[in-house]
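Biologist: Please give me a close look at the interior of this model, meaning the aromatic rings, the packing around them and the space left over. I would like the side chains named, with distances and accessibilities where you have them.

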Amino acid sequence: MEHKKSYEKAVEELSLMLMYLTRTQDNNEFCRYRELSWKGYDFDLLNQLGEEKLILQPKSRKGYEKYLYLTGAGRIKAQELLKEYGLSDKSLNERFEFREIRSEEADQAAAIEQICFPPNEACSESRMKERVQAAPELFLTAVDRETGRLAGFLNGLSTNEYSFRDEFFTDITLHDPLGRNIMLLGLDVLPEYRGQGLAKEIVYQYLRREWERDRKMLILTCLKSKIKMYEKMGFRNCGVAGSSWGGEQWYEMNYVLNI
């Protein structure tokens with residue numbers, strides 16, 4: 001006989017999927033990466049999902065706010081349920097899997113880096129492999145579900161320093177797994193996947209993940225031509241950076257996640 005879920009379990013799963021599918025971008029200019037869902041659900045159900053760490057319910061002095069956030073675990077669970085129920089997800093999530101890098105994908109990442117950056121700026125194959133080995137949890141990859149290959153990725157190192165320096169590109173020993181800040185080392189998207197919003201989605205998913213991990217700040221350097229792109233994502237331009245990587249003039253930008 002076909003197994004049936006209990007009424008309570010079905011309501012919980014369907015509610016989580018609805019929260020996920022109806023989530024919208026937070027309009028707060030300081031945390032554009034966050035996605036919220038409006039509350040219209042049973043209080044006991046919300047408390048149960050909160051206890052399972054699938055949602056976060058912000059509080060103010062007046063009590064709970066009228067919206068909630070799905071946690072990383074909540075988003076993953078909702079995506080799994082959509083597949084189980086045979087329902088559709090948003091296009092980018094249907095086409096790409098977003099996850100940490102795997103050790104066997106280091107060669108792919110190094111090859112993509114050589115395509116996306118000129119020789120004087122690109123990370124070498126050996127250094128990319130060092131990063132993958134030392135800090136795979138600080139990579140976020142977009143994997144094409146059809147081919148199983150990387151379409152793009154973002155990677156960084158964690159530290160307690162507050163300003164970018166060239167040594168972060170070359171010295172993997174500067175990585176401190178307990179560091180409150182992250183130095184972003186490269187955002188790579190293959191040319192054939194550009195113009196579809198994938199770079200922004202990778203950045204926003206990275207920001208949401210590190211916000212949940214209680215990181216304080218993300219810091220990057222970019223060329224002048226990329227400043228507006230990162231400003232649209234919510235990064236703040238801090239002016240000319242101390243970095244002279246590849247003989248270029250870089251601008252330092254940061255994003256405050258937690259105070």
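Modeller: What follows goes from the ring pairs to the nonpolar cores, then to the empty space, and ends with some loop residues.

The model is predicted, and local features are taken up where pLDDT is at least 70, while side-chain atom pairs need 80 or more.

A pair of aromatic rings is described by the distance of the centres and the angle of the planes. With centres within 6.5 Å as the cut-off, the count is 13 aromatic pairs. One of them joins Tyr33 and Tyr255, with 5.4 Å between the centres and 75° between the planes, an edge-to-face arrangement. This pair connects distant parts of the chain, since its members are 222 residues apart: Tyr33 sits in the loop between strand E1 (24-25) and strand E2 (35-38), and Tyr255 belongs to strand E13 (residues 251-256). Buried means under 20% relative accessible area. Tyr33 has 1% relative accessibility and so is buried; Tyr255, with a relative accessible area of 1%, is buried too. Phe164 and Phe169 make a further pair, with 5.2 Å between ring centres and 50° between planes, so the pair is tilted. In this pair, Phe164 is buried at 3% relative accessible area, and Phe169 is buried at 10%.

The Tyr33 and Tyr255 rings also belong to a cluster linked by ring pairs, together with Trp38, Tyr67, Tyr69, Trp211, Tyr230 and Phe235. Elsewhere, rings are met by charged side chains. Arg23 lies over the face of Tyr20, 3.9 Å from the ring centre, and Arg209 lies over the face of Tyr206, 4.7 Å from the ring centre.

Phe235, a member of the ring cluster, turns up again in the largest nonpolar core. That core has 61 residues, and Leu198, Ile202, Leu207 and Phe235 are the ones that touch the most other members. Helix H8 (residues 198-212) contributes most to it, with seven residues. The surroundings of Leu198 can be listed: leaving aside neighbours within four places in sequence, Leu198 is in contact with Leu92, Phe96, Phe98, Ala142, Ala151, Val189 and Tyr193. Another core, of 15 residues, lies apart from the largest one and includes Tyr41, Leu70, Ala78 and Leu81.

Next comes the space that the packing leaves. Rolling a probe the size of a water molecule over the atoms shows where empty space is left. The largest pocket holds about 750 Å³ of space. Its lining has 37 residues, and those nearest the centre of the pocket are Phe117, Leu187, Lys226, Met229 and Tyr230. Tyr230 is also part of the ring cluster. Two or more lining residues come from each of helix H5 (106-116), strand E10 (181-189), H8, strand E11 (217-222) and helix H9 (227-232). Among the elements, E10 gives the most to this lining, with six residues.

Within helix H5 is Ile112, which is buried at 5% relative accessible area. Beyond the neighbours within four places in sequence, Ile112 is in contact with Leu150, Phe153, Asp188 and Leu190. By contrast, Gly74 is 38 residues from Ile112 along the chain, with 30 Å between their C-alpha atoms.

Among cavities of 30 Å³ or more, the count is one. The largest cavity has about 40 Å³ of space. It is lined by Arg127, Glu130, Arg131, Leu157, Phe168, Phe169, Thr170, Asp171 and Ile172. Helix H6 (125-134) and helix H7 (167-170) are the elements that give two or more residues to this lining. Phe169, named in the cavity lining, is the ring that pairs with Phe164.

Some loop residues complete the view. Asn120 is in the loop between H5 and H6 and is partly exposed, at 35% relative accessibility. Apart from neighbours within four places in sequence, Asn120 is in contact with Trp245, Gly246 and Glu248.

Most residues other than glycine have a negative phi. Lys53 has a positive phi of about 60°; it lies in the loop between helix H2 (43-51) and strand E3 (55-56) and is exposed at 62% relative accessible area. Asp214 likewise has a positive phi, of about 70°. Asp214 is in the loop between H8 and E11 and is partly exposed, at 44% relative accessibility.

How values were computed
Residues are numbered from 1 along each chain as its sequence is written. Side-chain values use heavy atoms; hydrogens and water are left out. Rings of Phe, Tyr and Trp (its six-membered ring) pair if their centres lie within 6.5 Å; planes under 30 degrees apart count as stacked, over 60 as edge-to-face and the rest as tilted. Helices (H or I, at least four residues) and strands (E, at least two) are DSSP runs, numbered from the N terminus. Buried means under 20% relative accessible area, exposed over 50%, partly exposed in between (1.4 Å probe, protein chains only). A charge sits over a ring if NZ of Lys or CZ of Arg is within 6 Å of the ring centre and within 35 degrees of the ring normal. A nonpolar core is a set of buried Ala, Val, Leu, Ile, Met, Phe, Trp, Tyr and Cys residues joined through side-chain atoms within 4.5 Å. Contact means heavy atoms within 4.5 Å. On a 1 Å grid over the protein atoms alone, a cavity is a set of points where a 1.4 Å probe fits but cannot get out, and a pocket is an open set with protein on both sides within 12 Å along at least five of seven lines; lining residues have an atom within 4 Å of a point. Grid points are joined across faces, edges and corners, and a volume is the space filled by probe spheres set on the points.
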